[in-house]
Amino acid sequence: MASAAARAEDPKVPLSHDEDAGRTIYLQPRLSPTQDSMHSHGATVGVQNKDGRAAYIGTDTSAERPLYSVGGESGGDLSFSAGVESDGKDKHGVKAGVRIRY
């Protein structure tokens with residue numbers, strides 16, 4: 001029997017919203033629950049437009065070395081996304097995706 005673990009996305013806390021431009025700047029802390037509290041292991045700061053265009057930069061400190069990431073998304077009905085991450089030494093990664101909205 002196969003099993004899968006689901007993890008909810010960390011909440012995005014709006015820092016600033018410009019209704020005229022349709023843009024929100026947000027902070028997304030990387031959280032992990034304990035029995036009676038939450039711990040933050042870095043955060044992502046990003047900007048997201050109403051049409052889906054977005055950019056972000058973040059740090060994850062849950063591992064032995066901090067992991068830094070940067071990326072973006074083009075928005076629209078056919079949206080392309082790309083990002084890179086690295087700890088500056090051993091771990092490096094590239095991610096890319098396509099989202100089709102209908």
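Start with the largest pocket of this predicted model, which has a volume of about 660 Å³. Select Lys 12, Tyr 26, Gln 28, Tyr 56 and Lys 95: of the 28 residues that line the pocket, these are the closest to its centre. Now colour the lining by class, and you should find eight nonpolar, 10 polar and 10 charged residues. Which strands supply the lining? E2, E3, E4 (54-60), E5 (67-73), E6 (78-86) and E7 (92-100) each give at least two residues to it.

Stay with two of those central residues for a moment. Select Lys 12 together with Tyr 26, and look down onto the ring: Lys 12 lies over the face of Tyr 26, at 4.7 Å from the ring centre. While you have aromatic side chains on display, how many aromatic pairs does a search of the whole structure find? The count is zero.

Next, zoom out and switch to a cartoon view. The chain has seven strands and zero helices, so you can read the pattern along the sequence as β-β-β-β-β-β-β. Across its principal axes, the C-alpha trace spans about 40 × 35 × 30 Å. If you colour by accessibility, 20% of the 102 residues count as buried.

Now walk along the strands, beginning with E1 (residues 13-18) and E2 (residues 23-33). These two run antiparallel and are joined by five bridges. Select Pro 14 and you will find its bridge partner in E2, which is Tyr 26; this is the tyrosine whose ring face has Lys 12 over it. Then move to the turn: the hairpin of E1 and E2 has four residues between the strands, and Gly 22 there takes a positive phi near 70 degrees.

From E2, step across to E3 (residues 38-49). Here 10 bridges join the two strands, which again run antiparallel. Two pairs are good places to stop. Select Thr 24 and look for Gln 48, its bridge partner in E3. Then select Ile 25, which stands opposite Val 47 in E3. Following the chain through the connection, you will see that E2 and E3 form a hairpin with four residues between them.

Carry on from E3 to E4. Seven bridges link this antiparallel pair. Put Ala 43 and Thr 59 on display together: Ala 43 stands opposite Thr 59 in E4. What is there to see in the turn between E3 and E4? This hairpin also has four residues between its strands, and Gly 52 in the turn has a positive phi of about 100 degrees.

For the last stop, select Val 84, which you will find in strand E6. Is Val 84 buried, exposed or in between? With a relative accessible area of 41%, Val 84 is partly exposed, because that value falls between the 20% limit for buried and the 50% limit for exposed. Add Ser 69 to the selection and draw a distance between the C-alpha atoms. The two residues are 15 apart along the chain, and their C-alpha atoms are separated by 5.6 Å.

Technical notes: Residues are numbered from 1 along each chain as its sequence is written. This is a predicted model: local features need pLDDT of at least 70, side-chain atom pairs count only at pLDDT 80 or more; totals for chains, interfaces and linings use all residues. Side-chain values use heavy atoms; hydrogens and water are left out. Two strands pair if DSSP finds at least two bridges between them. Rings of Phe, Tyr and Trp (its six-membered ring) pair if their centres lie within 6.5 Å; planes under 30 degrees apart count as stacked, over 60 as edge-to-face and the rest as tilted. A charge sits over a ring if NZ of Lys or CZ of Arg is within 6 Å of the ring centre and within 35 degrees of the ring normal. On a 1 Å grid over the protein atoms alone, a cavity is a set of points where a 1.4 Å probe fits but cannot get out, and a pocket is an open set with protein on both sides within 12 Å along at least five of seven lines; lining residues have an atom within 4 Å of a point. Grid points are joined across faces, edges and corners, and a volume is the space filled by probe spheres set on the points. Ala, Val, Leu, Ile, Met, Phe, Trp, Tyr, Cys and Pro count as nonpolar, Asp, Glu, Lys and Arg as charged, and the others, Gly among them, as polar. Buried means under 20% relative accessible area, exposed over 50%, partly exposed in between (1.4 Å probe, protein chains only).
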